[in-house]
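Welcome, and please have your viewer ready for a short walk. We will go from one selection to the next and look at what is there.

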Amino acid sequence: MPIYEFKCRDCNKKFETILTSSAKVSTVICPECKSKNIMKTISSSSYRLSTSSSGIPSGALSGCSSKGGFS
Ligand SMILES: [Zn+2]
């Protein structure tokens with residue numbers, strides 16, 4: 001049976017509930033504070049963050065600021 005993970009928005013408690021085909025998400029309440037203000041969380045297996053670190057451009061020091069001092 002599939003186990004879904006929920007999180008209560010009122011008390012921030014995470015809990016897992018087995019949802020059968022006949023049960024609905026709207027019937028799930030928080031076991032801690034009996035609140036219906038819950039949200040379905042994604043399982044950690046498919047959890048991925050795409051952090052693109054902004055690199056410093058290395059070609060910023062190639063400036064042509066040389067004076068032609070011919071005498
Ligand atoms: Zn709660």
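Start by selecting the zinc ion in this predicted model. Its protein donors are the SG atoms of C8, C11, C30 and C33, lying 2.3 Å from the metal. Now turn on angle labels: what arrangement do the 4 donor atoms make around the zinc ion? The angles they subtend run from 106 to 116°, so the arrangement is tetrahedral. For reference, the ideal angle for four tetrahedral donors is 109.5 degrees.

Next, colour the donor residues along the sequence. Their spacing reads C-x2-C-x18-C-x2-C. Pick out C11 and C30 from this set: the pair links distant parts of the chain, 19 residues apart. You will find C11 in the loop between β1 (3-8) and β2 (14-18), while C30 sits in the loop between β2 and β3 (38-41).

Switch on a surface and keep those two selected. Is each one buried or exposed? C11 has a relative accessible area of 32%, so it counts as partly exposed. C30 comes out at 0% and is therefore buried.

For the last stop, select S35, in the loop between β2 and β3. S35 is buried, because its relative accessibility of 11% falls under the 20% cut-off. Show its side chain together with that of D10: the two make a polar contact at 2.5 Å. Then expand the selection to the contacts of S35, leaving aside neighbours within four places in sequence, and you will pick up C8, D10, I29 and C30. Among them, C8 and C30 bring you back to the zinc donors where the tour began.

Key
Residues are numbered from 1 along each chain as its sequence is written. This is a predicted model: local features need pLDDT of at least 70, side-chain atom pairs count only at pLDDT 80 or more; totals for chains, interfaces and linings use all residues. Side-chain values use heavy atoms; hydrogens and water are left out. Donors are N, O and S atoms within 2.8 Å of the metal (3.2 Å for Na, K and Ca); water is not among the atoms, so sites may look incomplete. Four donors count as tetrahedral if all angles lie between 85 and 135 degrees; four count as square planar and six as octahedral if opposite donors are over 155 degrees apart and all others between 65 and 115; anything else is irregular. Helices (H or I, at least four residues) and strands (E, at least two) are DSSP runs, numbered from the N terminus. Buried means under 20% relative accessible area, exposed over 50%, partly exposed in between (1.4 Å probe, protein chains only). A polar contact is a pair of N or O atoms within 3.5 Å; within protein, one must be able to donate a hydrogen and the other to accept it, and residues adjacent in sequence count only if both atoms are side-chain atoms. Contact means heavy atoms within 4.5 Å.
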